[in-house]
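I sat down with this model to look up a few places in turn. My notes follow in the order I took them.

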Amino acid sequence: MIEPIGNQYVVARPVYSANAFGEEHKKKQRHHKTLLDHLKKLCCCSAQKAKKIAFSLFPIASWLPAYRIKEWLLSDIVSGISTGLVAVLQGLAFALLVTIPPAYGLYAAFFPVIIYFFLGTSRHISVGPFPVLSMMVGAVVVRLTSTDNIADSTITNSSMANDSSIDDQKVMVAATVTILSGIIQVLMGVLQLGFVVIYLSESLISGFTTAAAIHVLVSQLKFMFQLTVPAHTDPFSIFKVLESIFSQIEKTNIADLVTSLVILVVVFVVKEINQRFKDKLPVPIPIELIMTVIATGVSYGFDFKNRFNVAVIGEMKPGFQAPITPSRQTFQDTIGDSFGIAIVGFAVAFSVASVYSLKYDYPIDGNQELIAFGVSNIFGGSFRGFAASTSLSRSGVQESTGGKTQIAGLISAIIVLIVIVAIGFLLEPLQKSVLAALALGNLKGMLMQFVEIRRLWRKDKYDCLIWVMTFILAVVLGLGLGLAASVAFQLLTIVFRTQFPKCSTLANVGRSNIYKNRKDYSEIYEPEGVKIFRCPSPIYFANISFFKQKLIDAIGFRPLRILRKRNKALKKIRKLQKKGLLQVTPKGFICTVDGFKDSDEELDNDKIEELDQPISTTDLPFQIDWNANLPLNIVVPKINLHSLILDFSAVSFLDVSSMRGLKTILQEFIRIQVDVYIVGTDDDFIEKLTRCEFFDDEVKDSIFFLTIHDAVLHILMKKDYSTSKFNPSQEVEAKFDDFTINTNGGLRNRECQVPIETKF
């Protein structure tokens, strides 16, 4: 019964152990579904289920009929045009990261958008090239098409005499890797493995994208300086690239360097203006488009290519090229890289989509997103594009300019299509250094994540450590190996957190049923002889020893050592009693010998197994108070603990190995007459212990209580009963400070323990 009194409440209920609660409140019989039940449900077919599957595979069928033409169409058109112009420039710029001709970046900005329009569940993200994925694909392209690998004929062509042939091989590798990563994404979506993204934490993604921004920055320096830099893909490659750049810095093309620096400064300044005045500007200033038009006109008008020998985009063939057949050998060589690209692409896109879904309150489906991006990459790779995800800046443009649905994405694809089939030739005079500067202009958000380190350190040191290690590993080892090492390190931190949990000793705070860490509060109440120990993590094979050590540190003694010393002392006492050297008096026992000592041989013959057994005094006509003074030279450490409460409310699971360790711990305490109680566990926890035959004559299932307070009140009542001299039939009201316990029932009388006295 609960009685509210103002902002307080009074609860009147019995003290419950787990068994007592189960007897009073019977559990319902529930049918737990088996694997066969799930298979039957999966294989059953109905019209409603078919409709649900169709709508899940083609989300467009659910939102397009509800499209508000009058309210949304104009906004989507404006947003689509703005996003399309940005997509054209980013497609050209990010193609340089893949080390393929810029024109192929337009394919990556077109085909995935069309597929996602039909299959995607997010209404606001802009699908297409993403710098991190472009860098990852580019690393594979460089590794497989470097001059050392060309002789191996790992691609398909043996004619590598000219640049055109090398470009074709690079496009083949990029497209093949993209197709394979798309296949992996589709398989993961079909198998409902969208949950794998949870293993890439926000800190890991942030650190990884920041490291990728560093790689992008370094990779674009060769275009800004117009230097010939050898390809490096092994660990520490970023330092080799920097060494190569600075060793030939005197060969810098000044026209390219000045152009790129001017573009970079202007883009950064205008982007900052867009950010600061986003509430006042109707649409963000399209600075990338403006600078591209100006740079192209200046380059063409002043003939930069011939006068200053700058590198330009070159020929832009109108229209599309025929689809390609992916290379089987490349499939075999890049399975690991493709898996990383698939995971990173999905993780980034899903995290951005989640932000917009929360902001605009509509659901997204992770598994369907995997299928959508997988089909997009398969289709885009078949038409010579490269891996697609979503660009943070491009999605921001689509949303901030009023985009409501993927109609805006479709309009942006039409803009890219116009460039591909009609006006692409106008961009032929554009310098590659301008594209490099535009690519770097999109990295500001990634690089600014450095300032997040301090905030992460204040919030969670483990998250900060993950960020730092991910950044270092990705920079030093490269994006592929760095990602794998970062995930492994992140999982290792989880092991550390559970392997070395912050256990604590609890005490009562406020004279209520609230128990907190005793170190955090000054006014606390601790029942005499009672320790409350809390474990805040699962207990398993890797941390059971740590748990035991923390428990020993909390109580101040090792129960096994006490047990062995008591058994040794009991052995001596039995010998004294058998030889008649102990006499009974009203005040206790008197030892009638001045000295008694076992031989060294007898002491050495004490077997460990015997000393670890429970203490039994049934063969003696008396009980022993181990905290009293013992006769002669018998020394046993005294302990002031009679009850131990283990708070397992945060223990989510217990494996078989730790189960044996926990039982050993309980037995050691029980054998030295310390009662152990476990509180806060759920029914499944106890049922698992029962299935594993955890309980026996020593460790019983009656040690489980619902809450700490239940166990504490039970202990106080038990100790009061054991010393009570009242008639068993009368009602007893026992008060312990501010605790009031009303009981009614029989009392248990315990035989009086007799201290042993020594007479000299």
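**Entry 1: a helix residue and its contacts**

Which residues does Thr259 touch, not counting residues up to four places away in sequence? I looked this up in what is a predicted model. I found Phe304, Gln431, Ser433 and Val434 on the list. Thr259 itself sits in helix H13, which spans 254-276. Is Thr259 buried or exposed? I noted it as buried, because its relative accessibility is 16% and the cut-off for buried is under 20%.

**Entry 2: the nonpolar patch**

I stayed with H13 and turned to the surface. Which residues make the nonpolar surface patch? I listed Val265, Val269, Ile273, Phe277, Ile285, Ile290, Ile294, Val298 and Phe302. Their patch covers about 730 Å². Helix H13 gives at least two of the patch residues, and helix H14 (287-301) also gives at least two. I picked Val298 for a closer look; it belongs to H14. Its relative accessible area is 32%, so I entered Val298 as partly exposed.

**Entry 3: the loop after H14**

Next I moved to Asp303. I placed it in the loop between H14 and helix H15 (304-307). With a relative accessible area of 32%, Asp303 is partly exposed. How far apart are the C-alpha atoms of Asp303 and Pro429? I read 8.3 Å, for two residues 126 apart along the chain.

**Entry 4: Phe55**

I then went to helix H3 (residues 47-57), where Phe55 is found. Phe55 counts as partly exposed because its relative accessibility is 33%, and the partly exposed class runs between 20% and 50%. Leaving aside neighbours within four places in sequence, Phe55 contacts Ala61 and Ser62. I also checked Leu119, which lies 64 residues from Phe55 along the chain. The C-alpha atoms of Phe55 and Leu119 are 9.7 Å apart.

**Entry 5: strand pairing around S8**

Which way do S5 and S8 run, parallel or antiparallel? I noted antiparallel, with three bridges joining S5 (residues 504-509) to S8 (residues 530-534). Ser504 faces Arg534 of S8 across this pairing. S8 also pairs with S11 (residues 643-647), this time in the parallel sense and over five bridges. On that side, Val530 has Ser643 of S11 as its bridge partner. I added a reminder on strands: in a regular strand, side chains alternate between the two faces of the sheet.

**Entry 6: cysteines**

How many disulfides does the structure hold? I counted zero. Cys503 is in no disulfide, and the nearest cysteine sulfur, that of Cys535, is 4.4 Å away. The cut-off for a disulfide is 2.5 Å between the sulfur atoms, so this pair does not qualify. Is Cys503 buried or exposed? I wrote down buried, because its relative accessibility is 18%. Cys692 is partly exposed, at 35% relative accessibility.

**Entry 7: the whole chain**

Last, I took the totals. The protein chain has 32 helices and 16 strands. It has 760 residues, and 48% of them count as buried. The accessible surface comes to about 39000 Å². Carbon and sulfur atoms account for 59% of that surface. Among contacts between residues at least 6 apart in sequence, what share joins residues at least 24 apart? I noted 80%.

Terms used: Residues numbered from 1 in each chain as written. Predicted model: local features only at pLDDT ≥ 70, side-chain atom pairs only at ≥ 80, totals over all residues. Heavy atoms only, no water. Pairing = 2+ DSSP bridges. Helix = DSSP H or I, 4+ residues; strand = E, 2+ residues; numbered from the N terminus. Patch = residues over 30% accessible without salt bridge, like charges linked within 9 Å, V, L, I, M, F, W, Y side chains within 5 Å. Areas by Shrake-Rupley, 256 points an atom, 1.4 Å probe, with all protein chains shown as cover. Salt bridge = Lys/Arg side-chain N within 4 Å of Asp/Glu carboxyl O. Buried < 20%, exposed > 50% of the residue type's maximum accessible area, 1.4 Å probe, protein only. Contact = heavy atoms within 4.5 Å.
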